[in-house]
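Student: I would be grateful for a close look at one part of this model, taken residue by residue. Please keep to what can be read from the coordinates.

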Amino acid sequence: MSEMKFTIDGKECAAKAGQTIVEAARDNGVYIPTLCHYEGIKPAGACRICTVRVGGRNMAACTTPVTNGMIVENQTPELEDMRKSIIEMLFVEGNHMCPVCEKSGNCELQALAYRYTMLAPRFPYLWPKRGVDASIPKLYKDGNRCIQCLRCVRGVRAADGRKVFGLVNRGGHVRIGHDAELANALGDEEAQRAMDLCPVGALIRKGVGYAVPIGKRKYDGAPIGGELERA
Amino acid sequence: MSKPVVATASLAGCFGCHMSVLDIDERILTLIDLVEFDKSPIDDIKTFTRQCDIGIIEGGCCNSENVENLRLFRKHCNILIALGECAIMGGLPAMRNGIPVRECLEEAYLNCPTVDGGIIPNDDELPMILDRVYPLHEIVKIDYYLPGCPPSADLIWNALVALLKGTPLDLPYEVVKFD
Ligand code: SF4
Ligand code: SF4
Ligand code: FES
């Protein structure tokens, strides 16, 4: 079967075989928030911001394929509040000083906080001790802002396919490490791509920045996901 | 009926949030028709003269004086608002939170390149610096949070209007920003 029918919040949708709920929703003009997902790289289901309800169960929409006749709940008050609480958790479990962050205005975490009108997180700040690593010639890594989405781990590869970044440690101590030899070889273009891949300001290019003025940045004027909803 | 009374303070902040209050432009004329100010840098009243309806605080707590002042505000204000990133999460001053206080003081007063034979200030007149910068809600109960660095004038205005009229707070996309 090549074309499947399913619904999102009652809206009739069509999906191609093998499409995930997030991909099919997008093709049908429905926004499901994502954070660890990046088009073109294999989904990891790491952040759960895309959680939808199918058959009374919560599922990650970025990893779950559509099946024929599937009934998906997306914008229910419960799911929206759970998504907001995930955003708030990510804010308190790192050190996010947006006013001094170069990614501010272009950051997907911040944009989701705006979308969900987060005035202040409901959870206590954890003030974790995280470091900045400026050892890579073209990039610096700010662990304070890393949300462990694994986009860089999955998406940044050397020419021979080897991974440049990787997870080190476990549990609350996980950090993004890098292969020094491969990371040192990253050129300007690859560094820019790594920065673009990172949803937050944890990978920032050295020597350039603040090119777009406040007011003109990606999420200054319109919410993330808004382009789908306005269409 | 007497006008609602507003008090404001800047703790470990840069006065940018207060500047943003002034940024409501000509609406400030409406504001002074609607409210009276008590203790505030805006009218330079230094001590509380009465119980206030609304307290607005910019900046977090980085020293003992900030904490005393904040507790005083909690006692004298029925509603307390954390205004701006520093009040909500410490902001720029909280960038020292991962660094031991001694290291910060030594860097600022002894080792910094422009210092010549410095000493670390230690006078009874000076407030004690805290081990880290504390957001307001970690010290007293906070009723409302208005983010931004600084919060936009429209956010401040909308919040004051909602509080004074008892209507829901209008939060269009453009007014909630963290920078
Ligand atoms: S990474 Fe995003 S949320 Fe974190 S400080 Fe930077 S702009 Fe703010
Ligand atoms: S550095 Fe960026 S892309 Fe990599 S895991 Fe952290 S947040 Fe994700
Ligand atoms: S976007 Fe689906 S789990 Fe992160």
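Tutor: The account below begins with one loop residue of chain A, turns to the two ligands, and ends with two residues of chain B. The model is a predicted one.

A:N144 belongs to the loop that connects β7 (139-142) with α4 (151-155) in chain A. Its relative accessibility is 15%, and because buried means under 20%, A:N144 counts as buried. The side chain of A:N144 makes a polar contact of 2.8 Å with the side chain of A:D142. Residues up to four places away in sequence aside, A:N144 touches A:G94, A:N95 and A:H96, and also A:R130, A:G131 and A:V132.

One of these contacts, A:H96, is also among the residues around ligand 1. The others around ligand 1 are A:F91, A:M97, A:C98, A:C101, A:S104, A:C107, A:L109, A:Q110, A:R145, A:V200 and A:G201. By class, the shell of ligand 1 is made up of seven nonpolar, four polar and one charged residues. As for its location, ligand 1 sits in the second largest cavity.

Ligand 2 is surrounded by 13 residues, of which the closest are A:C146, A:C149, A:L150, A:C152 and A:C198. The shell of ligand 2 comprises 11 nonpolar residues, one polar residue and one charged residue. Of the closest residues, A:C152 has a number that falls within α4 (151-155), the helix at the far end of the A:N144 loop.

In chain B, B:G59 is placed in the loop between β3 (52-58) and β4 (61-63). B:G59 has a relative accessible area of 2% and is therefore buried. Beyond its neighbours within four places in sequence, B:G59 is in contact with B:L11, B:A12, B:G13, B:L83, B:C86, B:A87 and B:L136. B:L92 stands 33 residues from B:G59 in sequence, and the C-alpha atoms of the two are 9.6 Å apart in space.

B:N66 lies in helix α3 (residues 64-76) of chain B. B:N66, too, is buried, at 7% relative accessibility. Its side chain reaches the backbone nitrogen of B:C62 at 2.9 Å. With neighbours within four places in sequence left aside, B:N66 is in contact with B:L11, B:A12, B:G60 and B:C61. B:L11 and B:A12 thus appear among the contacts of B:G59 and again among those of B:N66.

Conventions
Residues numbered from 1 in each chain as written. Chains lettered and ligands numbered in written order. Predicted model: local features only at pLDDT ≥ 70, side-chain atom pairs only at ≥ 80, totals over all residues. Heavy atoms only, no water. Helix = DSSP H or I, 4+ residues; strand = E, 2+ residues; numbered from the N terminus. Buried < 20%, exposed > 50% of the residue type's maximum accessible area, 1.4 Å probe, protein only. Polar contact = N/O pair within 3.5 Å; in protein donor to acceptor, adjacent residues only side chain to side chain. Contact = heavy atoms within 4.5 Å. Near = heavy atom within 4 Å. 1 Å grid on protein atoms, 1.4 Å probe; cavity = no way out; pocket = protein on both sides within 12 Å on 5 of 7 lines; lining within 4 Å. Sits in = over half its atoms within 2 Å of the grid points. Nonpolar A, V, L, I, M, F, W, Y, C, P; charged D, E, K, R; others polar.
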